[in-house]
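Please go through this structure and ask why each label applies. Short answers will do.

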Amino acid sequence: MARALHLALRAALLSACAPPTGDAATPEEAARYLEDRAFRRETLEAALWRPDLPYSRSLLSSYGLPDGGWDRLPVQASRTAPFTRADADVLARGEALALDDAREIAVPSAPEVTGDPAGPAREPDPGADPAEATWRALGATVFDRLPMRGDAWLDWLAARPALWNDAGLSVDAVGRVRGLVRFADARGRVRVGLTCAGCHAGDGVPGRGDRRLNLGRARALYAAARGLDATALDAWGPGRVDVTDTDSDDPTAIPDLFHVGTAGWLNHSGVVRVVGRATLAIRFETQFVQGHLMQTRPERRLMWALASYVASLGIEAPPAPAPPPAFTARCAGCHDPARAYGGDLVAAEDLGVDAAVARDPERGTGHYKIPSLRGVSDNAPYLHDGAAPTLDALLAAGHPSGEAIPPAERAALLAFLNAL
Amino acid sequence: MKRLMTTLSLALLSALTPACIADPDDGGATADAGSGGTEAPVNGAALTLTFVSGHLGNYWDCPGEANGAGAAAGAPREAAGDAAGACPPGEECVSIINCEAAMVMLEVENETDGALSDFRIERIVLVNDDGTTEDLEGLGIVDAETQAPPAALPAGASRTLRVDFRGPARDPNDDGNRFLRLELRAGESAAGTLETPPLFSLPAVAT
């Protein structure tokens, strides 16, 4: 009964949206994203299917305008260097960070990366497309090295290695802190920046949401040092970030980025509808603009590269085992095997989960996205807010609707999920 | 977006310029800036302003730095007084967690016949959803590239400037469609107005 309702809802949403195409972009799409402002604007408008939300309005008011707007921002320099343990000592001595050893993220020559449509015919497999391979390699560099933002609390934390463990920062054998770089901000000051890898490369695996990173704790420590109350920040817990500024305290799990290329929606509440790879590129581009205080914008080729790379995460996974009948009967209607076991959106009240994030006034759509289940056994805790500690707990609570699942079916489902 | 090249009549505010400014694209019509003034247009004495970006700041952890919250010039700084909002442009300041002064970046084009310097904020008006307005305090203007006070701008040239100001105190659960009407002056009498698209507070975590 509940399931029938879910499926009906899902069908209604599906009929309203185009199939996601983030995983297979054409060279023409790259060229249009890079060169055609009107195309970028159209893509943004199509992606923001809830234009009434503040999240959408703040982008619609300034991106891809016919005259003026963020297109006219100066381009953010891509010169960065890893932030290391030695840099922390520099900061601890009260000295300024240097950028002498910083390198530009080099963009390969144009025809190579725009996939010149007049060039030789290519294999249909995007993995075999030389331009695609170039984009992805460049995107991997962007993911690791281009700072999405700098923050006062990050500079503070970076100077205090004794607190890094508490904040869940990881340091590699040569002293580099994962996800942190040195860069010159919009005002020319050399400071510490957080890259995509800072949040989305847990255990060093690119694309895995970092479950140890405790940004709430980091910010709370900084706030406390300045005599401010930060109880709410400390309550986020590891692996979770409150991405909105509304009064409601609703931290969400940092998601995995595997199979985002086949996802029809982005973010837990599905506030962004994917209408092509350009949707990803624009989401990242606008995220960088906001992260850099709206004073610089990233070089667009780096954003296309990042989108190409992110869309490729997880696609090398071996084929999934065949689902057991219990999965086909109870789960596949939402977790579509043809879409990496992910799917569209489900109304929050039809799920046995907390609805705060779905109802957030800034970016809540009333829905939650059906996430991909590939590799799910590595990703505990589960759900948009990390509320389910294990797969067993999730199924014991009768996900999705609360209806009990008979023990034998549960065991079969668990075995399947663990092999997925 | 709304892009305005409205002329301003700011003459009475200046001892030096008893004239109002004509907009070449606007058939010489004038928009009264509320300061009174004569209607005699002076040819080419206009700044064309184009919106680039802007936000209303983030005063989450420094509400005292927002406009109209006891942060008027000369008022004592709060405990978190080295916040960005209180930080004069060009000075090195450390901001606290969610504390960033509001700003608008705009491209200014000198449509006059001579070089212009001494760029200054005449007025910043926040227009709320319901049409009510609020005057905001300007904090300064810098060249977006050099972060320094803007150098002289030759006739016909354009440059991107950043205008810092005290944003409104924010109700985080009610982000409306507020926008700014911003009036800049330069040299003796050149002036221009910009009406921005809707502006929002700066998100603390943008994802």
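Q: What makes the pairing of Arg176(A) and Asp172(A) a salt bridge?
A: The term needs a side-chain nitrogen of Lys or Arg within 4 Å of a carboxyl oxygen of Asp or Glu. The side chains of Arg176(A) and Asp172(A) meet at 2.9 Å, N to O. So the pair fits the term. This is a predicted model, in which local features need pLDDT of at least 70, side-chain atom pairs count only at pLDDT 80 or more, and totals for chains, interfaces and linings use all residues. Side-chain values use heavy atoms, without hydrogens and water, residues are numbered from 1 along each chain as its sequence is written, and chains are lettered from A and ligands numbered from 1 in the order in which they are written.

Q: Why is Arg176(A) called partly exposed?
A: Buried means under 20% relative accessible area, exposed means over 50%, and partly exposed lies in between (1.4 Å probe, protein chains only). Arg176(A) has 40%, so it counts as partly exposed. Its partner Asp172(A), at 31%, is also partly exposed.

Q: How many salt bridges does a search of the whole structure find?
A: The search finds 36 over all chains.

Q: What makes Asp71(A) and Arg300(A) a salt bridge, and which parts does the pair tie together?
A: Their closest N and O atoms are 2.8 Å apart. Asp71(A) lies in the loop between α4 (54-60) and β1 (81-84) of chain A, and Arg300(A) in helix α14, so the pair ties together parts 229 residues apart in sequence. Helices here are DSSP runs (H or I, at least four residues) and strands likewise (E, at least two), numbered from the N terminus. Arg300(A) has a relative accessible area of 10%, so it is buried.

Q: How do you know that Arg159(B) and Asp143(B) form a salt bridge?
A: Their side chains meet at 3.6 Å, N to O. Arg159(B) is in strand β8 (residues 158-165) and Asp143(B) in strand β7 (residues 138-143) of chain B, so the pair ties together parts 16 residues apart in sequence. Asp143(B) is buried, at 8%.

Q: Which residues do salt bridges with shared partners join into one network?
A: Arg40(A), Asp71(A), Glu285(A) and Arg300(A).

Q: How is the packing of α2(A) with α14(A) described?
A: The axes of α2 (residues 27-35) and α14 (residues 300-312) come within 9 Å and cross at roughly 145°. Axes are lines fitted to C-alpha atoms, for helices over the stretch in contact, and angles run from 0 to 180 degrees between N-to-C directions. From α2(A), Glu29(A), Ala30(A), Tyr33(A) and Leu34(A) make the contact (heavy atoms within 4.5 Å), with Arg300(A), Arg301(A), Met303(A) and Trp304(A) from α14(A).

Q: Why is Thr43(A) called buried, and what does it touch?
A: Thr43(A) has a relative accessible area of 7%, so it is buried. This residue lies in helix α3 (residues 37-47) of chain A. Leaving out residues up to four places away in sequence, Thr43(A) touches Val275(A), Ala278(A), Thr279(A) and Ile282(A).

Q: What is the secondary structure of chain B?
A: Chain B comes to zero helices and ten strands. Buried residues make up 54% of its 207 residues.

Q: What is the mean pLDDT of chain A?
A: The mean is 86, and 88% of the residues reach 70 or more. pLDDT is the predictor's confidence in each residue, from 0 to 100. Over residues 1-21 of chain A the pLDDT is below 50.
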